[in-house]
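Take a moment to look over the sequence and the 3D picture below. Then we'll walk through them together, one piece at a time.

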Amino acid sequence: MASYEAESARTPHIRVEVLREDEGPDGWTYEIDAAQDADSRLLELRLGFRDHDHWSGGASRPSVVAKAVVRVLIERLGLDELPGSFDAARGRRLVPDFDELVGPAIEDGPTNC
């Protein structure tokens, strides 16, 4: 029991909030306020139509997919390791099992973002 409590005490608190969404010819651009524990940063994320459809099957709002992408990257890399501006597809190069992680993060939805 003590090891579980110690492990859960180290689990970082992550918050991902979409501040702005702009739709363009190839997808969406988001301004995102992301926080991990006491640190927070503004990020710019681009999400292409194809990636949105790949990760959600077109069944989830683009902003929900964008939040899931950022959340997975923070969980795997840490907020400090994310560039200030990036395309969501870059996650595939940064996290080996990225595609498999985004789907469940979308399903968890707003309760975790």
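Is Asp80 buried or exposed? Keep in mind that what you're looking at is a predicted model. In this model, Asp80 comes out as exposed, with a relative accessible area of 59%; the cut-off for that word is over 50%, so Asp80 qualifies. To find Asp80, go to the loop between helix 3 (62-77) and strand 4 (85-87). Asp80 also has company: together with Asp37, Asp39 and Glu81, Asp80 gathers in a patch of negative charge on the surface.

Now step back and take in the whole protein. There are five helices and four strands here. If you start at the N terminus and read along, the elements run α-β-β-β-α-α-β-α-α. The protein has 113 residues, and 41% of them count as buried.

Let's follow the strands, with strand 2 (residues 27-36) as our guide. Strand 2 is mostly covered, with eight of its ten residues buried. On one side, strand 2 pairs with strand 1 (residues 14-23) in the antiparallel sense, and nine bridges connect the two. Strands 1 and 2 make a hairpin, with three residues between them. Strand 2 also has strand 3 (residues 39-48) as a partner: these two run antiparallel as well, joined by ten bridges. Strands 2 and 3 form a hairpin too, this time with two residues in between. One residue in that turn is Asp37, which has a positive phi of about 55°. You've met Asp37 already, as a member of the negative patch.

Want a handy landmark for seeing how the three strands line up? Try Thr29 in strand 2. Asp22 stands opposite Thr29, and Thr29 also stands opposite Arg46 in strand 3.

Next up are the charged side chains. Side chains of opposite charge can pair when their charged atoms come close. How many salt bridges does the structure hold? The count is eight.

One of them is between the side chains of Asp33 and Arg15, at 3.2 Å from N to O. This pair links distant parts of the chain, since Asp33 is in strand 2 and Arg15 is in strand 1, 18 residues apart. The two partners sit in different settings: Asp33 is buried, with a relative accessible area of 17%, while Arg15 is partly exposed at 29%.

Another salt bridge brings together the side chains of Arg20 and Asp22, at 2.7 Å from N to O. Here Arg20 counts as partly exposed, with 34% relative accessibility, and Asp22 is partly exposed at 34%.

For one more, look at Asp51 and Arg92, whose closest N and O atoms are 3.0 Å apart. Why does this pair tie together separate parts of the chain? Asp51 lies in helix 2 (residues 49-56) and Arg92 in helix 4 (residues 91-94), so the pair joins parts that are 41 residues apart in sequence. Asp51 counts as buried, at 13% relative accessibility, whereas Arg92 is partly exposed at 31%. Salt bridges can share partners as well, and in that way Arg15, Glu17 and Asp33 are joined into one network.

Conventions
Residues numbered from 1 in each chain as written. Predicted model: local features only at pLDDT ≥ 70, side-chain atom pairs only at ≥ 80, totals over all residues. Heavy atoms only, no water. Patch = residues over 30% accessible without salt bridge, like charges linked within 9 Å, V, L, I, M, F, W, Y side chains within 5 Å. Areas by Shrake-Rupley, 256 points an atom, 1.4 Å probe, with all protein chains shown as cover. Salt bridge = Lys/Arg side-chain N within 4 Å of Asp/Glu carboxyl O. Lys, Arg positive; Asp, Glu negative; His and termini not counted. Charge placed at Lys NZ, Arg CZ, Asp CG, Glu CD. Buried < 20%, exposed > 50% of the residue type's maximum accessible area, 1.4 Å probe, protein only. Pairing = 2+ DSSP bridges.
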